[in-house]
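Good morning, and thank you for coming. I would ask you to look at the sequence and the model together as we go from the interior to the surface.

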Amino acid sequence: MGNDGGSIPRRNEMVREKKQDEKTDRKNQAIALNYFCALSKQQLQEPIVGDELGRLYNRESVLEYLLDRSAFGDGHSICDNVQSLKDVKTLKVTPNPA
């Protein structure tokens, strides 16, 4: 059953290695952070607001969240630091011509 001189086993046949964790694609992650609302996961539309942590939101989504905190299932974990409209700042965003 092997190792009798007729076969030469390789390392990967003899040793089991720990599986590598899947790494997130940084490019897709950057696109998601810069083009989609962190709260509603929809594409960003004017007016855009940002919080102190640098997350971008649609203003309508923040208003919906502040009126009904159960409107978004994971809203409490995403924007727990947003308690009122004073916690977000309206951003002036212009498209990049390049």
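Which residues does Tyr57 touch, not counting residues up to four places away in sequence? In this predicted model, Tyr57 touches Cys37, Ala38, Leu39 and Leu44, then Pro47, Ile48, Val49 and Asp51, and finally Val62, Ile78 and Cys79.

Two of those partners, Leu39 and Cys79, appear again when we turn to the core. The largest nonpolar core has 14 residues, and Leu39, Tyr57 and Cys79 are those with the most contacts inside it. Three elements give two or more residues to this core: strand 1, residues 48-50; strand 2, residues 56-58; and helix 3, residues 59-67. As a general remark, nonpolar side chains in soluble globular proteins tend to be buried together.

Let us move to the loop between helix 2 and strand 1, beginning with Ser40, which lies there. Is Ser40 buried or exposed? The relative accessible area of Ser40 is 16%, and Ser40 is therefore buried, the cut-off being under 20%. Leaving aside neighbours within four places in sequence, Ser40 is in contact with Asn58, Ser61 and Phe72. With one of these, Ser61, there is also a polar contact from side chain to side chain, at 3.2 Å.

Lys41 lies in this loop too. Its relative accessible area is 48%, so Lys41 counts as partly exposed. Please note the backbone here: phi of Lys41 is near 65 degrees, a positive value in a residue other than glycine.

Pro47 also belongs to the loop between helix 2 and strand 1. A cis peptide bond joins Glu46 to Pro47, with omega at about -5 degrees. To put both backbone features in context, most residues other than glycine have a negative phi, and most peptide bonds are trans.

Next, the pocket. What is the volume of the largest pocket? The value is about 180 Å³. Its lining consists of Ala32, Leu33, Asn34, Phe36, Cys37, Ala38, Lys41, Gly54, Arg55 and Leu56. Lys41, the residue with the positive phi, is thus part of that lining. Helix 2, residues 26-35, supplies the largest share, three residues. Sorted by class, the lining has six nonpolar, two polar and two charged residues.

I close with three positions that show how sequence separation and spatial distance compare.

Consider Ala71, in the loop between helix 3 and helix 4, the latter being residues 75-78. With a relative accessible area of 41%, Ala71 is partly exposed. Ala71 and Leu39 are 32 residues apart along the chain, and their C-alpha atoms are separated by 10 Å. Leu39, you will recall, is among the residues with the most contacts inside the largest nonpolar core.

Lys23 lies in the loop between helix 1, residues 11-14, and helix 2. Is Lys23 buried or exposed? Lys23 is exposed, because its relative accessible area is 80%, and the cut-off for that class is over 50%. From Lys23 to Asp80 there are 57 residues along the chain and 27 Å between C-alpha atoms.

Finally, Lys92 is found in the segment after strand 3, residues 89-91. Lys92 has 85% relative accessibility and so counts as exposed. Lys92 and Asn28 stand 64 residues apart in sequence and 24 Å apart in space, C-alpha to C-alpha.

Thank you for your attention.

Methods. Residues are numbered from 1 along each chain as its sequence is written. This is a predicted model: local features need pLDDT of at least 70, side-chain atom pairs count only at pLDDT 80 or more; totals for chains, interfaces and linings use all residues. Side-chain values use heavy atoms; hydrogens and water are left out. A nonpolar core is a set of buried Ala, Val, Leu, Ile, Met, Phe, Trp, Tyr and Cys residues joined through side-chain atoms within 4.5 Å. Buried means under 20% relative accessible area, exposed over 50%, partly exposed in between (1.4 Å probe, protein chains only). Helices (H or I, at least four residues) and strands (E, at least two) are DSSP runs, numbered from the N terminus. Contact means heavy atoms within 4.5 Å. On a 1 Å grid over the protein atoms alone, a cavity is a set of points where a 1.4 Å probe fits but cannot get out, and a pocket is an open set with protein on both sides within 12 Å along at least five of seven lines; lining residues have an atom within 4 Å of a point. Grid points are joined across faces, edges and corners, and a volume is the space filled by probe spheres set on the points. Ala, Val, Leu, Ile, Met, Phe, Trp, Tyr, Cys and Pro count as nonpolar, Asp, Glu, Lys and Arg as charged, and the others, Gly among them, as polar. A polar contact is a pair of N or O atoms within 3.5 Å; within protein, one must be able to donate a hydrogen and the other to accept it, and residues adjacent in sequence count only if both atoms are side-chain atoms.
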